[in-house]
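Here is a short set of exercises to work through with the model open beside you. Try each task before you read its solution.

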Amino acid sequence: MRLSSSFLSLSRTSGTTQRGSDLRSSQQKPLSAQDNRVKNGGSASPRESRVWRQTGLSLQRNLSAYLFLLPALVIFALFVWYPVVLGFIMSFQSVDMINPAVWVGWANYRHVFSDPLFGIAWRNTLAFTGYALLFGYMMPILLALLVNEMRHGKGFFRLAFYLPVMLPPIVTVFLWRWIYDPDSGLLNALLSLLHLPDGLWLENPGTALPALVIVATWSAAGSTMLIYLAALQGVPAMLYEAAEIDGANLWGRLWHVTLPTIRPIMLLLLVLQIIATMQVFIEPFTITGGGPQNATTSVLLLIYNYAFQSADFGEASALGVMLFLVLAVFALIYMRMTSRLMQGD
Amino acid sequence: MQNVHDATPREGMRWFRRRMSSEASSERSLVSPLMLKHPAGRVIYWLVFSLLLFSTLITFGPLYWMFEGALKSSVEIFQTPPTFWTVHPEWSNYINAWNILQLPLYFRNSLILAAGAVILQVLVSASAAYALSKLRPVGKSVVQFGFFCTLMVPPVVYLIPQFANISNLPLIHVSLINSWAGVWLPEAASAFNILILKSFFDTIPTELTDAARLDGANAWQLFTRIILPLSGPALAVITIFTVIASWKDFLWPLLVLSESDLQPLIVALYHESGINANLPFNYLIAGLVFASIPPILLFMLFQRQIIRGVNLTGLKG
């Protein structure tokens, strides 16, 4: 219920017509209501089935429906379902893309486990996720809270903070690699202007990973902020007024009205951020190459290196399967959370 | 709404006033209007406003650094400490970068990749969503489950098998490496587009489609004459997001398109940044500027659709 009130506000704030809000509220129903109808005899409703009987046979309807579904079914089968299964198969094979694949049992998994980089990559990935939560999780909430209070220039702030999201990731990473440059970079220049110590940000194993997290946060925080802004605009004014009458001050209202109302979305975005940051690749791949001293080698970078540096696609798939299983856990949490939210808590 | 016409004028006025007041109060947020009338409240408000204004430097600063850095000479750009305001701006850097980086070729490739992605994704997703929403065949729930399950599987986790798959497609044994189809086809499998379109099609009243069926329209006519023309807003959101995603896409085109004549701008810039590429650094920065202009322009033009789309995508993964 709380979520749907924010849904309605989304369309209001983005200036869309009623249709926009229909679009979102109807997202909640498809799996439950209509599937029951399908089970009850294959047609949507008594009225509609009568229409179908008048206009054509049910066989013809199914045929044309599957003709419309055919492109999607073929594409999904070939390029999603099959590769997912193939990943599990390849993880038990020795694959170099030149010779035919050979079945090797658990050898790939044993090799991956015994690779010293395996532990390092997982630790870095978890550290990246942790830092990203530290730097990047509260900031969009804070920004959205402040921007939402503004009576002037709200549109400007929204644009200003969202702009980095639009940049292609390659532009972002090259730009920041230059900013971090110890000699001609912007960061050290600013720091020396303020008489603060400068540093070798990307060359130092201690600071390289946090430096990458800042890049990732810079490029992603804007879109999260937009979602929070929409959620904040959905907080009913009535609740604030009621809290005021009860004598709640600003903090009281923030703590007892605002945050509880946006909490479902905060939880969803938490899980989504964990899923997204566990896949970190482009920043270490282009900025540091996994260095210095493997301080920024992520799991996905290791997968890439197995496959395209050592041409060992089997080991790469084995590590891919492990990443898949870890992400699947979070995906299931996310799914349970959304389905509970959609059913109105 | 109906009540207003039936009710007496006095009740109507009351309804109107209530409606007005509720609309006015729904505009309020955490800080009460009363607090802002207070002098202290005003001071704090403008302090927070200036703080926010200052923090936009975090996003505008690096962008300024990039646009302005491309104007520096190859000496000035490596100067320590760097100059914040270019002493001798070289506008010709942009022109030289345009020619040396062969940007017309890569812009064309990026546009072709985006156009193909849009056409394929809209065709595949719209027809599937139409079948699921309006035709509702036997086994619909199974098909739907098969599609929407993939929302939970990020494509990078099957990156390696996908690459093996593309190099040697099952049954037909064709390789899509170094062909645009190798980029288009895997990206056409977008459960998210199907979800958005299906929810939108669900809002189109069945009365409308039933009436058309009774008039003898077949499934194809229903799709092209009724459903698609009514779905402009949803198709617009999908188109804009597909164009932007295709423009930003890096890893997959990097793997599939190793021939430089086929690469999109983003991949070409990555290759040009390599140590062996020998490209002057200021030209690379100018290239980055060129690569960022189209998405920024798109954002300025379609801000409303993009914000709506972010709110959809953010909650749906």
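**Exercise 1. Take stock of the chains.** How many helices and strands does chain A have, and how many does chain B have?

*Solution.* Start with chain A, whose secondary structure comes to 17 helices and 2 strands. Chain B has 18 helices and 0 strands. Helices (H or I, at least four residues) and strands (E, at least two) are DSSP runs, numbered from the N terminus.

A word on the ground rules: this is a predicted model, in which local features need pLDDT of at least 70 and side-chain atom pairs count only at pLDDT 80 or more, while totals for chains, interfaces and linings use all residues. Residues are numbered from 1 along each chain as its sequence is written, with chains lettered from A and ligands numbered from 1 in the order in which they are written.

**Exercise 2. Find the buried share.** What percentage of chain A is buried, and what percentage of chain B?

*Solution.* First, the cut-offs: a residue is buried if 20 or more other C-beta atoms, placed from the backbone, lie within 10 Å of its own, exposed if 12 or fewer, and partly exposed in between. By that count, 42% of the 345 residues of chain A are buried. For chain B, the share is 39% of 317 residues.

**Exercise 3. Describe the interface.** How many residues of chain B are in contact with chain A?

*Solution.* Two residues are in contact if their C-beta atoms, placed from the backbone, lie within 7 Å. On this basis, 93 residues of chain B meet 96 residues of chain A. Helix H7 (residues 103-135) of chain B gives the most to chain B's side, with 8 residues.

**Exercise 4. Explore the core.** Which residues touch the most other members of the largest nonpolar core?

*Solution.* A nonpolar core is a set of buried Ala, Val, Leu, Ile, Met, Phe, Trp, Tyr and Cys residues joined through C-beta atoms within 7 Å. The largest has 165 residues, and Tyr228(A), Ile303(A) and Leu288(B) touch the most other members. Helix H12 (residues 205-233) of chain A gives the most to this core, with 18 residues. Now look at Tyr228(A): leaving out residues up to four places away in sequence, its contacts are Pro140(A), Ile141(A), Ala144(A), Ile262(A) and Ile265(A).

**Exercise 5. Check an unusual backbone angle.** Is His173(B) buried or exposed?

*Solution.* His173(B) lies in the loop between helix H9 (159-167) and helix H10 (181-188) of chain B. Its phi is near 50°, a positive value in a residue other than glycine. His173(B) is exposed, because 7 other C-beta atoms lie within 10 Å.
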